[in-house]
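Visitor: I'd like a close look at one loop residue and then at the packing inside this model. Could you walk me through it?

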Amino acid sequence: MSTDADGEIELEYELDDRPPWPKSILLGVQHVAVMIVPATAVAFIVAGAVGLGAADTAYVVQMVLLFSGLATVVQAYTVGPIGARLPIVMGTSFTFVGAATSIGVDYGLGAVFGAILVTGFVVEGVIGWQFDRIRPFFPPLVTGLVVIVIGLYLVPVGVDYAAGGVGAADYGAVHNIGLALLVLSVAVVLNLFTTGVARLLSVLAGIGVGYVAAVALGLVDFGPVASAAPFAVPRPGAFGFEFEPVAVVTFAFLFLVSAMETVGDMSGVTAAEGRNPTGEEFRGGLFTDGLLSSIGAAFGAFPVTSFSQNVGIVNFTGVMSRHVVGVAGVVLTVLGLSPKVGAAVATIPSAVFGGAVVLMAGMVAASGARLLFLHVDLDRRNMVVVAVALGLGLGVAARPEALQELPRAARTFFGEPVIVTALTALLLNTFAPGEQSPLFDAPAAGTPADARSLTESGED
């Protein structure tokens, strides 16, 4: 896909464009297809760890889909100051899996949902409310590194799915790897060698071909579809609420991670236009993260945050229309209200999604690299920041056991690659003299190093 002189990619549909309805629906379904398995996997993992029965597990999955959909619609269209008016697809992040599992086992799910209820909007709401003040501390050097590490961190997740899913009896089996490669190959070939609808729907086409192949191989079980209820109503306080101090502090840390991921994901989306989000977009996006997570917790949903895989779809297809993402939000909402429909989607094998997730993760990392190349002078000072931030972030991702002697709260906090990379880049960039630092040699307006498009007005 070509780029112009300012670094924006060649967009088929821009932010406010409205593709024809048939195409919008297919493009929206493509977004849902890429994120639905990882979004619901958090619910399955936590539910299994705490010993929930089949009915309660299905209910949690339903709530995750419902509030992912509602939050996605709000991001696309806004409700007052809530929402970014950007093509941001929302879902439950793996950031929260470890804490939700350990706290759920030790204190019960009531403590998990109580902590989310309290910390969701408090943490991200405050960050969003004061973002204009802290915005100079997040120049393209910092946000670009966050986007890169989000993408790189997702690659192993995609590979695990491609192999059949962690813990699967056939993990690494030839048929799983073959399905993932089939999906990846179809998506890449259609994107690079076709035009029009075939290129725009390349990821969905890859997943469709992979699913048909999985059915032919006898790898799809349609039993859960028959047993699922056609409709279910959300129940407030389904698991109760408890307010354990350890749980509250832990989730407060994790919502800080979530805020950094959202800042990075929004930067990755607008990088398609060669710019970073405006202050209003950042603020509205963070408000959505926090508020919808807190509201969702009241009904038994895990926190929702921006989904990096879908940032990759925007950059891969060149479809930046927020109306397409709005369609995706409506589809997710319907899935959340109908367990039967959700069960049908969940029949798609993990390996099929794995091929798409690997591709999307690479595209996310590439979009972060583009932010650096376009807006950062990679001199000695900035190269040191990049080296240290990525080295530490990827280091804890590759060797989490290196932190095993730290206190539990410290392990949770510093075991997150995104937060380690972001905090390292933030501290080094702030206190090391340079044009990207908010404290030292800020460039005069109009100079080549001025990154106003990423730190002030959001203009190209």
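Guide: Sure, let's start with Val220, which is found in the loop between helix H9 (202-216) and helix H10 (223-227). Keep in mind that this is a predicted model. Val220 may be a loop residue, but it counts as buried, because its relative accessibility is 14% and the cut-off for buried is under 20%. What is Val220 in contact with, leaving aside its neighbours within four places in sequence? Tyr211, Ala214, Val215, Thr347 and Pro349. There's a long-range link in sequence terms too: Ala346 is 126 residues apart from Val220 along the chain, yet their C-alpha atoms are separated by 9.7 Å.

Now for the nonpolar packing. The largest nonpolar core has 117 residues, and Phe251 and Phe302 are among those with the most contacts inside it, as are Ile36, Val112, Ile116, Leu145 and Ile207. Take Phe251: not counting residues up to four places away in sequence, it touches Phe96, Ala99, Ala100, Ile103, Val112, Ala115, Ile116 and Thr119. A second core, separate from that one, has six residues, including Tyr13, Leu27, Val319 and Val324.

On to the rings. The structure holds nine aromatic pairs. One of them is Phe131 with Phe138, a stacked pair at 6.1 Å centre to centre with 25° between the planes; both of these residues are buried. Phe302, which we met in the largest core, also belongs to an aromatic cluster with Tyr59, Phe113 and Phe239. Tyr59 has a charged partner as well: the charged end of Arg235 sits over its ring, 4.1 Å from the centre.

Conventions:
Residues numbered from 1 in each chain as written. Predicted model: local features only at pLDDT ≥ 70, side-chain atom pairs only at ≥ 80, totals over all residues. Heavy atoms only, no water. Core = buried A, V, L, I, M, F, W, Y, C linked by side-chain atoms within 4.5 Å. Buried < 20%, exposed > 50% of the residue type's maximum accessible area, 1.4 Å probe, protein only. Contact = heavy atoms within 4.5 Å. Helix = DSSP H or I, 4+ residues; strand = E, 2+ residues; numbered from the N terminus. Phe/Tyr/Trp six-rings, centres within 6.5 Å; stacked < 30°, edge-to-face > 60°. Lys NZ or Arg CZ within 6 Å of the ring centre and 35° of its normal.
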